[in-house]
Amino acid sequence: KKKVGGEKPEKGKKKRKKKRTASDKENTNNDNLLTTDIICLEENGISTPASPTGVILSEDENLSVRYHPHTPSHSNLSLSLDMTNISPGGSISNIVFDISDSINTRLVRSTPGGLEIPFGLAAAGQTNSYTISISFQSVYVSQKMKGTVTYYLKEGEEGKVEHIMNFSLPLDMSLFMVPSPCNSHLFADILSGGNVDKSGSLRITPKSELSDIVDVFAARFRLVVVEKIGKTVSMYGKTSREDEVCLLLKLHEGTLNVDIKASDQVLVNSFVDLINTTDI
C-alpha cells in the first residue's frame, strides 16, 4: 500500500521504484574541499535533535520537512532539514531524501540514489535535523530542484505503509549573498575602480514606503545600507565568490528607480529578476 503527498506527479507517468543505496554519513569540513570550478563535497550527514525552524519544504498528514540554509562557501550550499513527526501516533522510519540533479546543480552524494536519513521519528512531535550539501556550477542562476521524501509509517499492530512526498526546492543567488560592511567612501571607490562594470536597471511602482523597501532589500538580498539622502538610498553587498554588488534606489513621484552595478552580468540580471518578483 502506498500513499503519495506533496506535489502531484505528472499525469500519465508511472513512478518507478528506485533501488536505494546507503548514503555517506561522515562529517565533512566543506571549506577544505573547495575547487575553482564545481565543489566536490562528501555529504555532511550531521544528525542532531532539533526544534523545527525554517521554511516548509514538504508536508503531509504524518511528516513535516522544513529547511534553512547555512552560510554559503564559494559554490556550495549546506541546508539543514528539520523533520518532524506530526502523525496522530504513528512511528516513522526508513526516511530517504532525494533530488533530481540538473546540469548546473547537484545533491552531493557518495553513492547513486537517495540519501538514507540515519534516524527515525518514533513518537508524535519528535523532531530531528539532518544536513545536506548542494553544489553549483553557477550560483547566480535561479532554479527550482524537484525531489522526493520517502518514508514508512507504522501505526499500532498494522504493518508499515510507504509514503512519498514530492517537493520543489527554490534556489536563487540571494542565498549566496554575504552581508559586508561598507561606508560611503569605500562605495565611491568601488564604483570608480572599474571592477563593477556590468549594469542593469528597472523602474517599479511600489506599494510600500522607501524605508520599508530598504528593509525588504536588506533582509531578502542580504544588503547593507551605505547612505541615505532624502529619497535616495545606496546599498552594497558581496557574494560568496567575492563579486561586489552596488545598488542605488531613487524614489521620485511614486516611481522607484533601481540602478544595479556588479562585476558579473548574470548576477546583475538575477538581481533584476528577483527585484521584479519581490512584493514591495
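The following dialogue examines how terms are applied to this predicted model.

Trainee: What should be known about the model before its details are read?

Mentor: The model is predicted, so that local features need pLDDT of at least 70 and side-chain atom pairs count only at pLDDT 80 or more, while totals for chains, interfaces and linings use all residues. Residues are numbered from 1 along each chain as its sequence is written, and side-chain values use heavy atoms, with hydrogens and water left out.

Trainee: What is the average pLDDT of the chain, and over which residues does pLDDT stay under 50?

Mentor: pLDDT is the predictor's confidence in each residue, from 0 to 100. The chain averages 82, and 81% of the residues score at least 70. Over residues 7-44, pLDDT stays under 50, although the model has 90 contacts there beyond four places in sequence; a contact means heavy atoms within 4.5 Å. Where pLDDT is low, the predicted coordinates should not be read in detail.

Trainee: How many helices and strands are there in the chain?

Mentor: The chain has three helices and 17 strands. Helices are DSSP runs of H or I with at least four residues, strands are runs of E with at least two, and both are numbered from the N terminus. Among contacts between residues at least 6 apart in sequence, 67% join residues at least 24 apart.

Trainee: Why is Glu-253 called exposed?

Mentor: Buried means under 20% relative accessible area, exposed over 50%, and partly exposed in between, with a 1.4 Å probe and protein chains only. Glu-253 has 74% relative accessibility and therefore counts as exposed. Glu-253 is placed in the loop between β16 (244-252) and β17 (255-262). Buried residues make up 46% of the 280 residues in the chain.

Trainee: Why is Thr-232 called partly exposed?

Mentor: The relative accessibility of Thr-232 is 27%, so this residue counts as partly exposed. Thr-232 is found in strand β15 (residues 232-239). Leu-249 is 17 residues from Thr-232 in sequence, and their C-alpha atoms are 5.6 Å apart in space. Not counting residues up to four places away in sequence, Thr-232 touches Leu-210, Glu-227, Leu-248, Leu-249 and Lys-250.

Trainee: What makes the phi of Asn-94 worth noting?

Mentor: Asn-94 has a positive phi of about 50 degrees although it is not a glycine. Most residues other than glycine have a negative phi. Asn-94 lies in strand β6 and is partly exposed, with a relative accessible area of 44%. Glu-253 also has a positive phi of about 50 degrees and is not a glycine.

Trainee: How do you know that Arg-109 and Asp-98 form a salt bridge?

Mentor: A salt bridge is a side-chain nitrogen of Lys or Arg within 4 Å of a carboxyl oxygen of Asp or Glu. The closest N and O atoms of Arg-109 and Asp-98 are 2.8 Å apart, and the pair forms a salt bridge. Arg-109 lies in the loop between β7 (105-107) and β8 (115-116) and Asp-98 in strand β6 (residues 91-99), so the pair ties together parts that are 11 residues apart in sequence. Both residues, Arg-109 and Asp-98, are buried. Asp-98, Asp-101 and Arg-109 are linked in a network of salt bridges.

Trainee: Which other salt bridge links distant parts of the chain?

Mentor: Lys-207 and Asp-279 meet in a salt bridge at 2.6 Å, N to O. Lys-207 is in the loop between β13 (198-204) and α2 (210-221), and Asp-279 is in the segment after α3 (265-276), 72 residues apart. Both Lys-207 and Asp-279 are exposed. A search of the whole structure finds six salt bridges.

Trainee: What makes the aromatic pair of Phe-97 and Phe-167 stacked?

Mentor: Rings of Phe, Tyr and Trp (its six-membered ring) pair if their centres lie within 6.5 Å; planes under 30 degrees apart count as stacked, over 60 as edge-to-face and the rest as tilted. The search of the whole structure finds four aromatic pairs. Phe-97 and Phe-167 are 5.3 Å apart, centre to centre, with 15 degrees between the planes, and the pair is stacked. Phe-97 in strand β6 and Phe-167 in strand β11 (residues 161-171) are 70 residues apart. Phe-97 and Phe-167 are buried.

Trainee: Why is the pair of Phe-221 and Phe-271 called edge-to-face?

Mentor: Their ring centres are 5.5 Å apart and their planes are at 65 degrees, so the pair is edge-to-face. The pair links helix α2, which holds Phe-221, to helix α3, which holds Phe-271, 50 residues apart. Both Phe-221 and Phe-271 are buried, and they form one aromatic cluster with Phe-217.
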